[in-house]
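The following note is offered to a colleague who is meeting this structure for the first time. Please read it beside the sequence and the model.

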Amino acid sequence: MMILQKNTFFLAIIFLVGCDNSRHIQYYRTPKKDFGIIQAQLNEDSKQQVISNLSWDLPKGWIPSKGHSMRLASFDVPFSTGVGDLSIVSLSGISGGLLANVNRWRSQINLNPISENQILEVSKVGESKMGAFRIFKMVNNLNKEKAIIAAVLPTGSKTFFIKLTVSQQGLRELESVFEKFCSSIGS
């Protein structure tokens, strides 16, 4: 009985304090406390990441994100005016080859297909801990909000596709970081 009286008393106080003569809805904002979680996440950013026996050095500020089921990993990649989307996909064999994949990416930003010789001419070769890779930079000057830089890393039994979709401004800011990230990929 005593507990019921205390509960009734507290409910009455809450009702009286929470209600006034105003018929307007009132709300209050209180700052969220992160309890050091954000700092811990920032400290984790620079550590080496390992997923499915594939490892890399995660650049500072890159945030793991949800991708679709085909992605091995996904990251939100911030830059001065926005956030890019980075995906890592692993497919068996050569997975359609360079020509089909690069032209598919080109079509995603409304660029016409090019020949395999042209693809090889415009690509750049890099070296990762797993071997050589090719980087392709794709920019459509009619759409400054969407550009792609991608790397293809063949390993024999698998091919890894690393693709960053970002604005042209983001591409300029992130190109060297992207290349360094691709170079850090190993097993």
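**The largest pocket and the cores**

1. The lining of the largest pocket comprises five nonpolar, four polar and three charged residues. Here Ala, Val, Leu, Ile, Met, Phe, Trp, Tyr, Cys and Pro count as nonpolar, Asp, Glu, Lys and Arg as charged, and the others, Gly among them, as polar. Among the lining residues are His68, Arg71, Trp105 and Phe161. Helix 3 provides the largest share, four residues.

2. This is a predicted model, in which local features need pLDDT of at least 70 and side-chain atom pairs pLDDT 80 or more, whereas totals for chains, interfaces and linings use all residues. Residues are numbered from 1 along each chain, and side-chain values use heavy atoms, without hydrogens and water.

3. The largest nonpolar core (buried Ala, Val, Leu, Ile, Met, Phe, Trp, Tyr and Cys residues joined through side-chain atoms within 4.5 Å; buried is under 20% relative accessible area with a 1.4 Å probe, protein chains only) has 26 residues. Trp56, Phe75, Leu86, Ile88, Ile162 and Phe178 touch the most other members. Helix 5 gives the most to this core, five residues.

4. Leaving aside residues up to four places away in sequence, Phe178 touches Leu86, Ile135, Ile149, Ala150, Ala151, Ile162 and Leu164 (contact: heavy atoms within 4.5 Å). Another core, of 13 residues, lies apart from the largest one and includes Leu111 and Met138.

5. Asn110 has a positive phi of about 60°, although it is not a glycine. Asn110 is placed in the loop between helix 3 (97-108) and helix 4 (116-122), where helices are DSSP runs of H or I, at least four residues, numbered from the N terminus.

Note on methods: Helix = DSSP H or I, 4+ residues; strand = E, 2+ residues; numbered from the N terminus. 1 Å grid on protein atoms, 1.4 Å probe; cavity = no way out; pocket = protein on both sides within 12 Å on 5 of 7 lines; lining within 4 Å. Buried < 20%, exposed > 50% of the residue type's maximum accessible area, 1.4 Å probe, protein only.
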